[in-house]
Amino acid sequence: MTENMDVHAKLQATDIEVSFGATIALSGATFSLRQGEVHALLGENGAGKSTLMKVLAGIVRPQSGSLSLDGVAYAPQTPLDARKAGVAMIHQELALAPHLRVDENVALGAEPMNGPFLDRRRMADSARAALAMLGDHSIQLDLPASQLSVSARQLVEIARAIASGCRVMIMDEPTSSLGRKDVLALFDLLRKLKSEGYAIVYISHFLEEVWEIADRFTVLRDGKTVETHAVAAVSVNEAIPMMIGAEMAQMYHRSERTSGEPLLELARVKGADSKLNEATLTLRRGEILGIAGLVGSGRSELVRSIFGLEATSDGTIKFASYSGWFPPAMRWRQGAGLLSEDRRDEGLSIDMTVGDNLVLPAVERVETQGWLMPKAKNDAANEWITKLEIRCPGPQATIRSLSGGNQQKVALARLMFCDVELLLLDEPTRGVDVKTKSQIYKIMDEVALAGKAVLMISSYLPELLGTCDRIAVMYRGRLIVSKTVSEWTEEELMLAVAGAADDTAEIA
Amino acid sequence: MINKVKEVFAKSMAFREAGPLLALIIIYFLFSIAAPDTFLTWTNMQAIVRQTAIVGIAAIGMTIVIIGGGIDLSIGSIIALVTVAIALSLQNGVPAVAAVFIALALGTLCGLVNGALISRLRVVPFIVTLGTLLIFRGIAKGLSGEQKVDAPISWLNELVIVLKPQDSWMIFPLGVWLMVLLAVIVFVVLRYTRFGLHTQAVGSNEQTAILCGIDVSKLKAYLYAISGCFAGIAGLMQFSRLTVGDPTVAVGLELDAIAAVVIGGGSLRGGEGSVLGTICGALIMTVIRSGCSQMGLPNWVQEIVAGVIITVAVALDQLRRRSRT
């Protein structure tokens, strides 16, 4: 199936190999992009999508393999080389300078000059022209980028690529922080670019969106290209096994569980200045409750409000025997723990050791007479390293040196070390490999069996359907429906998440 | 009419420099009430501007570095080293004009050392310039034998003095005009040249700058070289005021310069800063010092007052900017 040489190729990558130290990121990745197409790169986390993309954009240099652009050898050494050759990467967050104006951001690195001075008029003209080509006439050129919405920032980035003459665009998760309306606008734009001969590499975890916008897709697995197909010829369900490989014997774990007394009750909770508008729910002991919703729907704000990281302005929160809002320090003592969706920046201190991270919220457990006992800390860490099969050199290893999946296990182990009754899990399987995912599901099952309660947020619907007892949907800051898992089908859930339950949504 | 005034006021407040400028006027006004009548005189204003020249010039260089996301703690030591070098040169019969070039070259060289260490060794600027703060100061003390270095009289001694009656058409001495000229040049460079835009881009988001093909390490080397060069010019002014080379002068001046930049709207996180704001900031510092001493306040009170005013000024500016977004 793999096309090794594509005569129509605009950009061709053949047998690319990349390794970082002992880790092999790509071994035999082959990819061809035609003019005027949107070509999706699919694969599990760690399959090598982002590495391949970085090779194309000149950020990572391959150890072997060849690249060609328009039939000519292409070996970008830096992102600037790639851009000069006509290949631009559209990053999500890091590619605009927040203090610079819109037109300055568009021109950055290729500013029009008038003698020794910047030609500000031409700078503004070319930015306006590029934005107009994208169908935008509303973005003010003199605003600093920090004041733009996420979708406007993305437009500015695309405008930069166009203004610098790029014909190939690599888009990494372009829709992950957009609302549905902005996604549709982006897709219209991509179709327009396509019709004008631009070639687009599209990476996304949202398979439904890929099927909506892409012409072809290439699946990567363990750093190798598995298959390339036309989207029209294959269904989403047929593509998933290609990504996962051999079917997992048992991915999800759901023992027969009986729910006990209510542990957490929310009534009409509203965030003080967050996206959370209204949430009412009851979570019982022995239960796993799933929260489905888009990024930005207020789902993270919900658990963060429960955990005291964000203030609430209305409604009541009752957890165990404690009524009202409490800050995180109190929540830990009351027996609630949060696993953050942002593992690197919030969830863990990545330069501290496994042991330190584990005990951080409950240092008193490894203290004697107020003295921190290194041995007690190590013993505790070793215990959880064994129990959760965390692959690391030992309690003294820094979090940074661990793989994503093992980092996440440490974050989860922390909740268990603190012996919390309520586990608030925000995207617990984001960025972890399939095996670790399965282990995390098993841990959740065990925790619920032991009479504790789990509140789990996820963007990945199959895992919600596979692990939860009940699933509630968050949409535009409201918790709209909650049903037992047997009452949901994946399709219904997807529609509810996208706002089908609320027809007024797109107008608002 | 009142609405019109409000509108003009709102518009002018939207400028980054409006806050520091307003603060300068208010603080000057407060001291005019509190201090003896001499405070609100032309002579006093001239004196304050004259006294600001040294820290003002150093702070202009610091502004560029801070906009670029860095910091330079070594400028006080560079100033001391430069005063010693000038005095030694003059002692050895070097003409004054050549001594000026020595001052600039030495300052730039010191800055290049900072820049090279920061961009080659990839050590954070705070640590590198903390190290060179000690090194340059040590060299100054070694060169001078830990003593003041006398120098023969030359026109260099007249850069920041009170003007002679026949020169009163100049309004300010040469050193002050130099500060104004440098401020204008840097303002134009930051706003209208590629170098200025790239500096702001690096301070605003270094990843983006790299992605857009800006040679970040080269740019950083330039930033510190410029800061060193400005410290060299400030050193020249310092020598002019002292008329001797002094290895122990300007201790802590880097902190005054940083304070001036921050009062002037600069952000230590990079990407933000304004030359005009910095000059206002530097003037505020001088006004506080001069005002306190004219009121006869003891030194320790002066320091507390300066600290309080700096903190309050920056906090107010933060509030003002937050309310705008």
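## Exercises on a two-chain model

A:M171 has A:Y202 as its bridge partner in β10(A). That pair is a good place to start working through this predicted model, in which local features need pLDDT of at least 70, side-chain atom pairs count only at pLDDT 80 or more, and totals for chains, interfaces and linings use all residues. Residues are numbered from 1 along each chain as its sequence is written, while chains are lettered from A and ligands numbered from 1 in the order in which they are written.

**Exercise 1. Work out the strand order of the six-strand sheet in chain A and place β10(A) in it.**

Step 1. Begin with the vocabulary: helices (H or I, at least four residues) and strands (E, at least two) are DSSP runs, numbered from the N terminus. Two strands pair if DSSP finds at least two bridges between them.

Step 2. Follow the order β6-β9-β10-β3-β11-β12, which makes an open sheet with mixed pairing. At the edges stand β6 (87-90) and β12 (224-230) of chain A; each has a single partner strand, so one side of each is left without a neighbour in the sheet. From one strand to the next, the twist averages 20° (angles run from 0 to 180 degrees between N-to-C directions, and axes are lines fitted to C-alpha atoms, for helices over the stretch in contact).

Step 3. Look at the two partners of β10(A). With β9(A), the strand pairs in the parallel sense over five bridges. With β3 (residues 38-42) of chain A, β10 (residues 199-203) also pairs in the parallel sense, over four bridges. Here A:H39 stands opposite A:V201, and A:L41 has A:I203 as its bridge partner.

Step 4. Check how covered the strand is. Four of the five residues of β10(A) are buried, where buried means 20 or more other C-beta atoms within 10 Å of the residue's own, exposed means 12 or fewer, and partly exposed lies in between, with C-beta atoms placed from the backbone.

**Exercise 2. Describe the four-strand sheet of chain A and the helix that lies across β13, β14 and β16.**

Step 1. The order is β14-β13-β16-β17, again an open sheet, with antiparallel pairing. Its edge strands, β14 (279-284) and β17 (322-323) of chain A, each pair on one side only.

Step 2. Six bridges join β13 (residues 262-271) to β16 (residues 312-319) of chain A. One to inspect is A:E265, whose bridge partner in β16(A) is A:K318.

Step 3. Now add α9 (residues 299-306) of chain A, which lies across β13, β14 and β16 and runs at about 115° to β13(A).

**Exercise 3. Which element gives the largest share of the side of domain 2 of chain A that touches domain 3?**

Step 1. List the domains of chain A: domain 1 (9-244), domain 2 (248-335 + 420-508) and domain 3 (350-419). These bounds come from an automatic or database domain assignment.

Step 2. The C-alpha centres of domains 2 and 3 of chain A lie 25 Å apart. Eleven residues of domain 2 are in contact with twelve residues of domain 3 of chain A (contact: C-beta atoms, placed from the backbone, within 7 Å).

Step 3. Helix α15 (residues 434-449) of chain A gives the largest share of the domain 2 side, four residues. That side divides into seven nonpolar, three polar and one charged residues; Ala, Val, Leu, Ile, Met, Phe, Trp, Tyr, Cys and Pro count as nonpolar, Asp, Glu, Lys and Arg as charged, and the others, Gly among them, as polar.

**Exercise 4. How many residues does each chain bring to the contact between chains A and B?**

Step 1. Chain A brings 20 residues and chain B brings 18 residues.

Step 2. On the chain A side, α2 (79-85) and β8 (117-118) each supply at least two residues, and α2(A) gives the most, with three residues.

Step 3. By class, the chain A side holds 13 nonpolar, four polar and three charged residues.

**Exercise 5. Classify the crossing of α7(B) and α8(B).**

Step 1. The axes of α7 (residues 174-192) and α8 (residues 194-204) of chain B come within 5 Å and cross at roughly 75°.

Step 2. Apply the classes: under 35 degrees is roughly parallel, over 145 roughly antiparallel, 65 to 115 roughly perpendicular and the rest oblique. The two helices are therefore roughly perpendicular to each other.

Step 3. B:V189, B:L190, B:R191 and B:Y192 in α7(B) meet B:F195, B:G196 and B:T199 in α8(B).

**Exercise 6. Where does A:D15 lie, and is A:D15 buried or partly exposed?**

Step 1. A:D15, although not a glycine, has a positive phi of about 45°.

Step 2. A:D15 lies in β1 (residues 9-20) of chain A. With 16 C-beta neighbours inside 10 Å, A:D15 counts as partly exposed.

How values were computed:
Two residues are in contact if their C-beta atoms, placed from the backbone, lie within 7 Å.
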